[in-house]
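Please work through the following exercises with the sequence and the model side by side, and try each task before reading its solution.

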Amino acid sequence: MITKSNADEIESYLSDASYMRDGFAERVVFPETSEEVAEVLASATRERTSVTVSGAGTGTVAGRIPFGGIVIATDNLNRIKSLGHEQGGGRAVVE
């Protein structure tokens, strides 16, 4: 799992399309599996650290902007694990 904490590297994860400013975080983590997400969340819970989830950054209500803690970036959670066809529909298991 990649972790970044350099201000220049994480700057784009501190804002979204809402134009709200002054977001900040200790670091941004890039998990690649659901197990890694669980590990990050368990650690944050133990340390009582706030967590912000970062998607594409296109939201306009500032939901992605952190004010402390860590950011979980979903950039690397992009695989389809399985597809199932059922009568009247189907299902997908994705990261």
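## Exercises on a predicted model

Phe67 has a relative accessible area of 44%, so it counts as partly exposed. Please keep in mind throughout that the model is predicted.

**Exercise 1.** Find where Phe67 sits in the chain, and work out which nonpolar surface patch it helps to make.

*Solution.* Begin with the place in the chain: Phe67 is found in the loop that runs between strand 3 (51-54) and strand 4 (70-73). Next, consider which residues may belong to a patch: because a patch is made of residues with over 30% relative accessible area and no salt bridge, the value has to be checked, and Phe67, at 44%, is partly exposed. The last step is to name the members of the patch, which are Met20, Phe24 and Phe67, together making a nonpolar surface of about 310 Å².

**Exercise 2.** Classify the aromatic pairs in the structure by the angle between their planes, and say which parts of the chain each pair links.

*Solution.* A search of the whole structure finds two aromatic pairs. In one of them, Tyr13 and Phe30 lie 5.4 Å apart from centre to centre with 85 degrees between the planes, an edge-to-face arrangement. This pair links distant parts of the chain, since Tyr13 is in the loop between helix 1 and strand 2 while Phe30 is in strand 2, 17 residues apart. Both Tyr13 and Phe30 are buried.

The other pair is formed by Phe24 and Phe67, whose ring centres are 6.3 Å apart and whose planes stand at 80 degrees, so this pair is edge-to-face. Here too distant parts of the chain are linked, with Phe24 in the loop between helix 1 and strand 2 and Phe67 in the loop between strand 3 and strand 4, 43 residues apart. To complete the description, Phe24 counts as partly exposed at 46% relative accessibility.

**Exercise 3.** List the residues of the largest nonpolar core, and then trace the contacts of Ala25.

*Solution.* As background, nonpolar side chains in soluble globular proteins tend to be buried together. The largest nonpolar core has eight residues, namely Ile10, Tyr13, Leu14, Ala25, Val28, Phe30, Val71 and Ala73. Strand 2 (27-30) and strand 4 each supply at least two residues of this core. A second, separate core has five residues, among them Val40, Ala44, Ile70 and Ile72. Turning to Ala25, and leaving aside neighbours within four places in sequence, one finds contacts with Ile10, Leu14, Pro66, Gly68, Gly69 and Val71.

**Exercise 4.** Describe the backbone angle phi and the exposure of Tyr19 and of Asp22.

*Solution.* Take Tyr19 to start with: although Tyr19 is not a glycine, its phi is positive, at about 70 degrees. Tyr19 lies in the loop between helix 1 (7-10) and strand 2, and its relative accessible area of 66% makes it exposed. Asp22, likewise not a glycine, has a positive phi of about 75 degrees. Asp22 is found in the loop between helix 1 and strand 2, and its relative accessible area of 66% means that it is exposed.

**Exercise 5.** How many salt bridges are there, and which side chains form them?

*Solution.* The count comes to two salt bridges. One joins the side chains of Glu26 and Arg27 at 3.3 Å, N to O, and Arg27 is partly exposed, with a relative accessible area of 25%. The other joins Glu86 and Arg91 at 2.8 Å, N to O. Glu86 is partly exposed at 45%, and Arg91 counts as partly exposed at 49% relative accessibility.

Note on methods. Residues are numbered from 1 along each chain as its sequence is written. Side-chain values use heavy atoms; hydrogens and water are left out. Patches are made of residues with over 30% relative accessible area and no salt bridge: like charges are joined within 9 Å, nonpolar side chains (Val, Leu, Ile, Met, Phe, Trp, Tyr) within 5 Å. Accessible areas come from the Shrake-Rupley method with a 1.4 Å probe; for residues, only the protein chains shown count as cover. A salt bridge is a side-chain nitrogen of Lys or Arg within 4 Å of a carboxyl oxygen of Asp or Glu. Helices (H or I, at least four residues) and strands (E, at least two) are DSSP runs, numbered from the N terminus. Buried means under 20% relative accessible area, exposed over 50%, partly exposed in between (1.4 Å probe, protein chains only). A nonpolar core is a set of buried Ala, Val, Leu, Ile, Met, Phe, Trp, Tyr and Cys residues joined through side-chain atoms within 4.5 Å. Contact means heavy atoms within 4.5 Å. Rings of Phe, Tyr and Trp (its six-membered ring) pair if their centres lie within 6.5 Å; planes under 30 degrees apart count as stacked, over 60 as edge-to-face and the rest as tilted.
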